[in-house]
Amino acid sequence: MSPTPPGSVDLDGSFNASQSVAPYGVPSQPANQAFANGMEAVLMKTLGMNLSSITTSDNFPWPAIQIRDYFADHFGEQAEQPVTPNVPAFLLLPEQRVSPQLIPAAFLYRLSSLELLAHDQACTVVRNLDWLTSSFHLSRAERKALLWTYVVNGQKPSVVEGVLSEIQFANAEQAYAALSLLLDEPESDVASCFGPPCRLRGLRLIESHPWRYPLTLDSFFQSTVNLSACLPISLSRWQDIWIP
């Protein structure tokens with residue numbers, strides 16, 4: 001049998017492998033966590049760089065404040081405590097919703113100067129994503145959606161999910177246009193990824209709800225037990241965990 005290329009899975013070997021031994025060398029759990037932490041920062045920056053294009057000017061300050069505070073350490077600052085903590089934005093009075101104000105152009109300029117550390121791809125999460133992509137012939141949009149969903153739901157508490165929940169859309173078409181910017185994929189591919197019939201839902205990997213009202217961005221990144229439990233572990237243990 002020919003050698004397996006680096007970063008891929010030897011499918012022939014996996015069927016004969018012992019149930020307690022992975023079919024390839026599995027990096028330790030800290031490698032998965034470091035990757036998730038790095039990707040969380042990438043996702044927060046991606047959201048910030050596209051924020052003025054995917055939300056209204058009235059709603060812009062609220063997710064922007066959370067993104068700014070998330071990167072406070074990178075800018076040598078301290079996160080500001082909100083005047084009314086733990087209160088959903090839609091319950092705030094009009095005068096509270098406009099204070100403090102952030103200028104989108106200044107926010108974008110500052111965020112664009114932010115340099116993030118390169119995240120190590122040598123982890124089980126990436127290898128399992130590669131295997132899923134190859135085995136089920138997933139599109140690039142579907143793979144990115146799975147990665148985002150894992151990162152959003154893998155951190156407790158999830159700061160990214162809080163930002164996503166602040167961004168609302170009038171309909172699914174508006175959401176697909178925003179997701180096209182965030183995933184850097186054509187809008188038609190995004191619609192095929194999340195619209196019915198949704199393969200990722202059929203595989204029980206995500207629980208996206210594009211029919212919710214109000215429709216918020218976090219509706220598209222709802223993880224299942226299969227995704228959150230199986231991506232960080234060795235492939236040989238999937239049959240013990242996978243929920244059909």
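**Exercise 1. Place N50 and classify its burial.**

In which helix is the place of N50?

Solution.
Step 1. The structure is a predicted model, and in it N50 sits in helix α2.
Step 2. The relative accessibility of N50 is 17%. The cut-off for buried is under 20%, so N50 counts as buried.
Step 3. Leaving out residues up to four places away in sequence, N50 touches L181 and L182.

**Exercise 2. Judge how far the model can be read.**

Give the confidence of the protein chain and find a stretch where pLDDT stays under 50.

Solution.
Step 1. The average pLDDT of the protein chain is 78, and 72% of the residues score at least 70.
Step 2. Over residues 1-27, pLDDT stays under 50. For this stretch the model has 28 contacts beyond four places in sequence.
Step 3. Predicted coordinates should not be read in detail where pLDDT is low.

**Exercise 3. Describe the protein chain as a whole.**

State the secondary structure, the buried share, the accessible surface and the share of contacts between residues 24 or more positions apart.

Solution.
Step 1. The secondary structure comes to 13 helices and two strands.
Step 2. The protein chain has 244 residues, and buried residues make up 43% of them.
Step 3. Its accessible surface is about 13,100 Å²; carbon and sulfur atoms hold 56% of that area.
Step 4. Take the contacts with a separation of 6 or more: 71% of them join residues 24 or more positions apart.

**Exercise 4. Check the length of α2 and locate its kink.**

Compare the expected span of helix α2 with the distance between its end C-alpha atoms.

Solution.
Step 1. Helix α2 covers residues 29-54, which is 26 residues.
Step 2. At 1.5 Å a residue, the helix should span 38 Å. The expected span uses one less than the number of residues.
Step 3. The end C-alpha atoms are 35 Å apart, which agrees.
Step 4. A kink of about 35° is present in α2, and its centre is G48.

**Exercise 5. Trace contacts from α2 and the loop after it.**

Find the partners of L47, V42 and T55 beyond four places in sequence.

Solution.
Step 1. L47 is in contact with I67, W148, V160, V163, L164, L182 and L217.
Step 2. V42 is found in helix α2 and, at 25% relative accessibility, counts as partly exposed. Its partners are L116 and H119. V42 and H119 are 77 residues apart along the chain, with 9.3 Å between their C-alpha atoms.
Step 3. T55 is in the loop between α2 and α3. Its relative accessible area is 13%, so T55 is buried.
Step 4. T55 touches F60 and I167. The C-alpha atoms of T55 and F169 are 8.0 Å apart, with the two positions 114 residues apart in sequence numbering.

**Exercise 6. Map the largest nonpolar core.**

Which of the 57 residues in the largest nonpolar core touch the most other members?

Solution.
Step 1. They are L47, I67, L146, F194, L200, L217 and F221.
Step 2. Helices that each supply at least two residues of this core include α2, α3 (61-70), α7 (140-154) and α9 (172-183).
Step 3. In α3, eight of the 10 residues are buried, and the helix is mostly covered. Among the buried residues of α3 are I67, R68 and D69.

**Exercise 7. Follow α6 into its loop.**

Compare the reach of α6 with the expected value, then describe H137.

Solution.
Step 1. α6 has 12 residues and reaches 16 Å from first to last C-alpha, close to the expected 16 Å.
Step 2. Its buried residues include V125, L129, W131 and L132.
Step 3. H137 follows α6 and lies in the loop between α6 and α7.
Step 4. H137 is not a glycine, yet its phi is positive, about 50°. With a relative accessible area of 65%, H137 is exposed.

**Exercise 8. Examine backbone features in two further loops.**

Where are D184 and P197 found?

Solution.
Step 1. D184 is in the loop between α9 and α10. Its phi is positive, about 60°, although D184 is not a glycine.
Step 2. D184 has 61% relative accessibility and counts as exposed.
Step 3. P197 is in the loop between α10 and α11 (199-202). A cis peptide bond joins P196 and P197, with omega about -5°.

Methods: Residues numbered from 1 in each chain as written. Predicted model: local features only at pLDDT ≥ 70, side-chain atom pairs only at ≥ 80, totals over all residues. Heavy atoms only, no water. Helix = DSSP H or I, 4+ residues; strand = E, 2+ residues; numbered from the N terminus. Bend = angle between axes of the 7 residues up to and from the residue. Core = buried A, V, L, I, M, F, W, Y, C linked by side-chain atoms within 4.5 Å. Buried < 20%, exposed > 50% of the residue type's maximum accessible area, 1.4 Å probe, protein only. Contact = heavy atoms within 4.5 Å. Areas by Shrake-Rupley, 256 points an atom, 1.4 Å probe, with all protein chains shown as cover. pLDDT = per-residue confidence, 0-100.
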